[in-house]
Amino acid sequence: TAPGVPPLRVRDLTVRFAGLTALDAVGFTVAPGTVHALIGPNGAGKSTCFNVLSGVYRARAGSVRFGEHELTGLPPHRIAGLGVARIFQNLALPPRATVEDSLLLGRHRLTRTGFLAAGLRLPSAAREERAHRARVREIAAFVGLGDCLDRPAGSLPYGRQKLAELARALCAEPRLLLLDEPVAGMTADERRRTAAVIAGVRDSLGISIVLVEHDMGVVMRLADAVTVLDFGRRIAGGTSAEVQNDPAVVRAYLGE
Ligand code: ADP
Ligand code: MG
């Protein structure tokens, strides 16, 4: 585990939308440096949970503690500032910028002088930018994009663009990554490759990961623990082997 990665403790989290309870007293704990999968049928509340964890939605009740910090009620930029990074389901990289420049944007929260100063060509800013570019190249190599740095992000195949988004999130040096369907839309080969990168993020970088994913092969391969939601309730939890054989989980997926 990377030093300084605290546990994430979600307790009794409740979210309501006009009459609909999207999350009903949901709780789970993500141990430092592990992959925790959040699974469940469509409408179960997975994205709502991510939206609360990242500060986009306000919870009606409950708490989300990341180490000693309470995240509920904090705005998204404060949560990001604590080292929580999120990757959205849809592509969000600027398509015309090079991969290197797109990844550099991911380091914005770590810049001291800021890219405005860099634009003004102050020597201190130039030094800082060189250091950031060196780290960006390291991270690109780590996810297997070392040979794409000079290409426009939008010119890469879909699977590599998704990897570039993962790389951009890593550029913020997060302690917790929220991945919303990271392999959706990928070919079998891209899925394998992305799963290996995610395992590397956990094993080599020690970063905690909450994984929402419909590909059960990927979930079973990667998850150290699984929480199963259905209609906003936690219906099962445990290791992937445990939840796979849980009758309540089988029923939820069969839609009985
Ligand atoms: P999942 O990601 O597991 O498919 P969601 O968290 O997106 O599920 O949705 C859970 C429930 O909350 C669904 O019934 C959905 O329609 C509802 N919901 C999600 N976001 C909103 C919103 N902003 N306003 C109203 N209802 C919402
Ligand atoms: Mg969703």
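**Ligand shell, domains and helix packing**

Let's start at the ligand. Phe17, Leu20, Ala22, Gly40, Asn42, Gly43, Ala44, Gly45, Lys46, Ser47 and Thr48 surround ligand 1. Two elements each give two or more residues to that shell: strand E2, residues 20–30, and helix H1, residues 46–53. H1 is the top contributor to the shell around ligand 1, with three residues. What is the chemical make-up of the shell around ligand 1, by nonpolar, polar and charged residues? Six are polar, four are nonpolar and one is charged. Keep in mind that this is a predicted model.

Now the domains. The domain assignment splits the protein in two. Domain 1 is built from two segments, 1–83 and 174–256. Domain 2 covers 93–171. Their C-alpha centres sit 27 Å apart. The contact between them draws 14 residues from domain 1 and 11 residues from domain 2.

Which elements give two or more residues to the side of domain 1 that touches domain 2? They are helix H2, residues 76–81, and helix H7, residues 188–203. H7 gives the most to that side, six residues. By class, the domain 1 side of this contact has seven nonpolar, five polar and two charged residues.

Next, helix packing. Two packed helices are described by the angle between their axes and the distance between the axes. I have two pairs to show.

The first pair is H5, residues 123–143, with H6, residues 158–171. Their axes lie 9 Å apart, and the angle is about 135 degrees. H5 and H6 are therefore oblique to each other. Their crossing is right-handed. On the H5 side, the contact uses Val136, Ile139, Ala140 and Val143. On the H6 side, the partners are Leu163, Leu166, Ala167, Leu170 and Cys171. The class count for the H5 and H6 contact is nine nonpolar residues, no polar and no charged.

The second pair is H6 with H7. Here the axes come within 10 Å and cross at roughly 10 degrees. So H6 and H7 are roughly parallel to each other. H6 brings Gly159, Lys162, Leu163, Leu166 and Leu170 to this contact. H7 brings Glu190, Thr194, Val197 and Val201. How do the classes divide in the contact of H6 with H7? There are five nonpolar, two polar and two charged residues.

Look at H6 once more. Leu163, Leu166 and Leu170 of H6 meet H5, and Leu163, Leu166 and Leu170 of H6 are also in the contact with H7.

To recap. The shell around ligand 1 includes residues from E2 and H1. H7 gives the most to the domain 1 side that touches domain 2. H6 is oblique to H5 and roughly parallel to H7. That's it from me.

Technical notes:
Residues are numbered from 1 along each chain as its sequence is written. Chains are lettered from A and ligands numbered from 1 in the order in which they are written. This is a predicted model: local features need pLDDT of at least 70, side-chain atom pairs count only at pLDDT 80 or more; totals for chains, interfaces and linings use all residues. Domain bounds come from an automatic or database domain assignment. Two residues are in contact if their C-beta atoms, placed from the backbone, lie within 7 Å. Helices (H or I, at least four residues) and strands (E, at least two) are DSSP runs, numbered from the N terminus. Ala, Val, Leu, Ile, Met, Phe, Trp, Tyr, Cys and Pro count as nonpolar, Asp, Glu, Lys and Arg as charged, and the others, Gly among them, as polar. Axes are lines fitted to C-alpha atoms, for helices over the stretch in contact, and angles run from 0 to 180 degrees between N-to-C directions. Angles under 35 degrees count as roughly parallel, over 145 as roughly antiparallel, 65 to 115 as roughly perpendicular and the rest as oblique. A crossing is left-handed if the near helix is turned anticlockwise from the far one by less than a right angle, and right-handed if clockwise. A residue is near a molecule or strand if its C-beta atom, placed from the backbone, lies within 6 Å of it.
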